[in-house]
Amino acid sequence: MTISLVVSALAFAGDGSWTGYITDSKCGAKAAHEGAEECTAKCVKEGAKLVFVNDADKKVYAIPDQDKVAAHAGHHVAVKGSVEGDTLTVASIDMAPAKK
């Protein structure tokens, strides 16, 4: 099990592309689902930051450039960028198909 966790962590390190949800730092992975747009917007208005929740492992990543992802709050997205530690620097973001 330890090996798979290490491989999963390594798979997300560096440059790449991933799918997941743009949620808020208050709810994190709990808001990574369809229909969470209103809740995400409310929490951001109250001071929470937007974050990315990776579909593969539900890990939450901070996003330094909030303006780049603001229009996608609560959405299922495909992002391209780079990861360093728990921070995702977004190069591009597009809508992804809804999860079933």
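These are my notebook entries on a predicted model.

**Overview**

I started with the whole chain. The protein has 100 residues, and 38% of them count as buried. I listed its secondary structure as 3 helices and 5 strands. Read from the N terminus, the order of elements is α-β-α-β-β-α-β-β.

I then looked up the contacts with a separation of 6 or more. Residues 24 or more positions apart make up 57% of these in the protein. For the surface, I noted an exposed area of about 5,900 Å², with 58% of it supplied by carbon and sulfur atoms.

**Strand β2**

I asked how many of the residues of strand β2 are buried. The strand covers residues 50-54, and 5 of the 5 are buried, so β2 is largely enclosed by the rest of the structure.

Next I checked which way the side chains point. In a regular strand, side chains alternate between the two faces of the sheet. In β2, I found L50, F52 and N54 pointing one way. V51 and V53 point the other way. Both sets are buried, and N54 is included in that.

**Partners of β2**

I looked up the pairing on either side. Strand β1, residues 14-24, pairs with β2 in the antiparallel sense, and I recorded 5 bridges. Within this pairing, V53 of β2 has Y21 opposite.

Strand β3, residues 60-62, also pairs with β2 in the antiparallel sense, here over 3 bridges. V51 has A62 of β3 as its bridge partner.

β2 and β3 form a hairpin, and 5 residues lie between the two strands. I checked the turn for backbone angles and noted K58, which has a positive phi of about 60°.

**Cysteines**

I asked how many disulfides the model holds. The count comes to 0. A disulfide is a covalent bond between the sulfur atoms of two cysteines.

I then looked up why C27 has no such bond. The closest cysteine sulfur to that of C27 belongs to C43 and is 4.1 Å away, which is too far for a bond; the cut-off I applied is 2.5 Å. From the other end, C43 is likewise in no disulfide, and its nearest cysteine sulfur is that of C27.

Last, I asked whether C27 is buried or exposed. C27 has 18% relative accessibility and therefore counts as buried, because the limit for buried is under 20%. C43 is buried too, with a relative accessible area of 6%.

Key: Residues numbered from 1 in each chain as written. Predicted model: local features only at pLDDT ≥ 70, side-chain atom pairs only at ≥ 80, totals over all residues. Heavy atoms only, no water. Buried < 20%, exposed > 50% of the residue type's maximum accessible area, 1.4 Å probe, protein only. Helix = DSSP H or I, 4+ residues; strand = E, 2+ residues; numbered from the N terminus. Pairing = 2+ DSSP bridges. Contact = heavy atoms within 4.5 Å. Areas by Shrake-Rupley, 256 points an atom, 1.4 Å probe, with all protein chains shown as cover.
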